[in-house]
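Please take the sequence and the coordinates together, and follow the path of this explanation from one helix outward to the loops around it.

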Amino acid sequence: MVPAGRDVVVVAASAGGVEPLRVLLSELPSDLPAAVLVVLHVPPQGSSVLASILDRAGPLKAAPAEDGETLRPGRVYVARPDFHLLLNEGQVRLSRGPRHNGHRPAADPLFMSAALDAGARTAAVVLSGTLDDGAKGCEAVDRRGGAVAVQDPEECAFPGMPAAAMRAVAAARALPVREIARWIMEQSRIPVSAEDQVCDSEMEREVEQFLREAPSLGSPKES
């Protein structure tokens with residue numbers, strides 16, 4: 001059997017991140033053999049308009065994430081306001097767990113859960129934003145064999161998050177957004193090893209804390 005490529009793409013953005021997200025999705029093809037999970041820092045009382053914006057941006061179907069969904073290639077799962085977005089056993093999970101870096105949703109819980117669940121099949125992307133959310137998660141993705149790219153800080157409205165991710169992961173690629181789309185396509189087609197991962201009990205405990213606050217599967221979804 002041919003090893004899979006990096007078929008789990010996790011993307012985070014904050015201030016100045018909506019337009020880069022839109023551009024990124026506009027450049028990805030309809031046959032992308034990967035699922036894309038997106039976190040944008042939004043206020044708790046916000047709406048899920050980001051999913052509509054991204055759905056119109058390109059050929060990939062984008063929608064607010066639903067708890068318990070099974071990941072499918074060619075789909076974009078968008079974090080809902082006031083819920084962390086996680087990946088567990090190949091399923092999307094939502095969580096009202098503690099704020100992380102002052103945010104819910106936040107990048108690190110998503111990135112760490114993807115690193116645990118998908119290992120080397122994970123590609124992480126950090127776009128415009130302030131401070132350092134995503135850096136710890138990028139380090140986890142890199143440590144477990146995944147790949148990391150960031151929006152070129154010189155292109156960012158707010159370069160804090162990409163710069164922090166670059167400090168955390170020496171191998172992170174800094175690229176203009178349109179080139180990140182090409183990088184994602186390349187990563188999705190590069191076979192990666194599915195070797196057993198070394199146990200990371202500390203990260204497992206941290207992710208489990210968020211999963212304990214996930215709604216029951218099949219419970220009513222919140223907008």
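In this predicted model, the buried residues of helix α3 are covered by a set of elements that includes the strands β1 (8-13), β2 (35-40), β5 (84-88) and β7, together with the helices α4 and α7 (201-211). Of the 12 residues of α3, 10 are buried, so the helix is largely enclosed by the rest of the structure. The buried positions are Ala107, Asp108, Pro109, Leu110, Phe111, Met112, Ser113, Ala114, Ala115 and Ala118. The helix reaches 16 Å from its first C-alpha to its last, which is close to the 16 Å expected at 1.5 Å a residue. Just after α3, Gly119 takes a positive phi of about 55°.

The surroundings of α3 lead on to the nonpolar interior. The largest nonpolar core has 38 residues, and those with the most contacts inside it are Leu37, Leu85 and Phe111. Helix α3, residues 107-118, gives the most to this core, with seven residues. Apart from this core lies another one, of 32 residues, among them Val9, Leu50, Ala57 and Trp183. Leaving aside neighbours within four places in sequence, Leu37 is in contact with Val8, Val9, Val10 and Val11, and also with Leu71, Tyr77, Leu85, Val92 and Leu110.

Among the buried residues of α3 there is also a charged one, Asp108. Which side chain of opposite charge is nearest to Asp108, and how far away is it? That side chain is Lys136, at 6.4 Å, and Asp108 is therefore without a salt bridge although buried, since a salt bridge requires a nitrogen of Lys or Arg within 4 Å of a carboxyl oxygen. The side chain of Asp108 is instead joined to that of His100 by a polar contact of 3.1 Å. Not counting residues up to four places away in sequence, Asp108 touches His100 and Asn101 on the one hand, and Asp133, Gly134, Ala135, Lys136 and Gly137 on the other.

The backbone deserves attention next. Most residues other than glycine have a negative phi, and most peptide bonds are trans. Asn101, one of the residues that Asp108 touches, has a positive phi of about 55° although it is not a glycine. Asn101 lies in the loop between β6 and α3, where it is partly exposed, with a relative accessible area of 37%. Pro105 lies in the loop between β6 (91-95) and α3 as well, and a cis peptide bond, with omega about 10°, joins Arg104 and Pro105. Leu131, in the loop between β7 (122-126) and α4 (135-143), also has a positive phi, near 60°, in a residue other than glycine. Leu131 is exposed, with a relative accessible area of 65%.

A last stop is Glu155, which is placed in the loop between β8 (147-151) and α5 (160-168). Is Glu155 buried, exposed or partly exposed? Its relative accessibility is 40%, so Glu155 counts as partly exposed. Not counting residues up to four places away in sequence, Glu155 touches Pro176 and Val177, and a polar atom of the Glu155 side chain lies 3.0 Å from the backbone nitrogen of Val177. Along the chain, Glu155 and Ala165 are 10 residues apart, and their C-alpha atoms are separated by 15 Å.

Methods. Residues numbered from 1 in each chain as written. Predicted model: local features only at pLDDT ≥ 70, side-chain atom pairs only at ≥ 80, totals over all residues. Heavy atoms only, no water. Core = buried A, V, L, I, M, F, W, Y, C linked by side-chain atoms within 4.5 Å. Buried < 20%, exposed > 50% of the residue type's maximum accessible area, 1.4 Å probe, protein only. Helix = DSSP H or I, 4+ residues; strand = E, 2+ residues; numbered from the N terminus. Contact = heavy atoms within 4.5 Å. Lys, Arg positive; Asp, Glu negative; His and termini not counted. Polar contact = N/O pair within 3.5 Å; in protein donor to acceptor, adjacent residues only side chain to side chain. Expected span 1.5 Å × (residues − 1).
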